[in-house]
Amino acid sequence: MDAEAWRAYGRILFWLHRPDLTPVQQRQRCRPLWERLSADLAPAAVDPLHWLHQAASLSPDSSQTALGRLIQRFSDRVRAILHHGLENIDVLTSAFPHPSSEDRSRTVIGLLATLGDATSESVLTRFIEHPTLAVPTVHAIRRIKAAEAAGSDW
């Protein structure tokens with residue numbers, strides 16, 4: 001399942017980099033891949049986003065990274081996967097070992113701080129009293145509320 005999730009993201013990125021396709025054609029080609037990531041590959045779909053985020057953190061322009069491009073074109077799809085990840089944190093899988101049990105959760109919360117919307121607040125709320133994730137959770141909720149107040153989508 002983990003390898004299939006990585007392949008799905010790879011295929012999505014492939015279609016995003018095809019200069020001969022219109023944005024509508026790109027969305028059409030990517031739709032079944034996103035549907036699969038949101039359904040049968042859902043337990044494995046969060047982890048590639050975590051690792052893509054780690055790679056993006058090394059770039060001076062995160063919008064030009066793989067994760068940045070996914071977020072620019074498919075923010076709703078990415079957000080839905082992040083929500084699912086927080087709601088099902090105990091059943092997520094990974095192809096790689098994680099240094100701590102909360103590193104992936106911290107990444108998801110951090111991504112939602114930027115990408116989250118009003119629906120993200122209810123997903124994040126369950127971590128407000130978590131011993132190590134409370135601070136990034138409160139920060140994420142505050143950023144989302146500030147973006148909403150400013151009239152921003154994310």
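**Helices, burial and contacts in a predicted chain**

This predicted model has seven helices and zero strands in the chain, and read along the sequence the pattern is α-α-α-α-α-α-α.

Me: What makes the radius of gyration of the chain agree with that of a compact globule?
Reply: For 154 residues a compact globule would have a radius of gyration near 15 Å, and the chain has 15 Å, so the value agrees with the rule. Along its principal axes, the C-alpha trace spans about 50 × 40 × 30 Å, and 42% of the 154 residues count as buried.

Me: Why is P48 called buried?
Reply: The cut-off for buried is under 20% relative accessible area, and P48 has 1%, therefore P48 is called buried. The place of P48 is in helix α3, and, not counting residues up to four places away in sequence, P48 touches A5, W6 and Y9. P48 and F96, which are 48 residues apart in sequence, are 9.7 Å apart in space, C-alpha to C-alpha.

Me: How do you know what span is expected for helix α3, and what does the helix reach?
Reply: The expected span is 1.5 Å times one less than the number of residues; for the 15 residues of α3 (residues 42–56) that gives 21 Å, and the helix reaches 22 Å from its first C-alpha to its last, which is close to the expected value.

Me: Which residues of α3 are buried, and what covers them?
Reply: The buried residues of α3 are A42, A44, A45, V46, D47, P48, L49, H50, L52 and A56. Their cover includes α1 (2–16), α2 (23–38), α4 (66–87) and α5 (103–115).

Me: Why is S120 called buried, and which residues is S120 in contact with?
Reply: With buried meaning under 20% relative accessible area, the 0% computed for S120 meets the cut-off, so S120 is called buried. S120 lies in helix α6 (residues 118–124), and, leaving aside neighbours within four places in sequence, S120 is in contact with R79, H83, L112 and I144.

Me: What share of contacts in the chain between residues at least 6 apart in sequence join residues at least 24 apart?
Reply: The share is 73%, where contact means heavy atoms within 4.5 Å.

Me: What supplies 55% of the area that the chain exposes, and how far apart are the mean positions of the positive and negative charges?
Reply: Carbon and sulfur atoms supply 55% of the about 8100 Å² that the chain exposes, while the mean positions of the 17 positive and 17 negative charges are 6 Å apart.

Conventions: Residues are numbered from 1 along each chain as its sequence is written. This is a predicted model: local features need pLDDT of at least 70, side-chain atom pairs count only at pLDDT 80 or more; totals for chains, interfaces and linings use all residues. Side-chain values use heavy atoms; hydrogens and water are left out. Helices (H or I, at least four residues) and strands (E, at least two) are DSSP runs, numbered from the N terminus. The radius of gyration is taken over C-alpha atoms; the globule rule is 2.2 Å times the number of residues to the power 0.38. Buried means under 20% relative accessible area, exposed over 50%, partly exposed in between (1.4 Å probe, protein chains only). Accessible areas come from the Shrake-Rupley method with a 1.4 Å probe; for residues, only the protein chains shown count as cover. Lys and Arg count as positive and Asp and Glu as negative; His and the chain ends are not counted. The place of a charge is taken as NZ of Lys, CZ of Arg, CG of Asp or CD of Glu.
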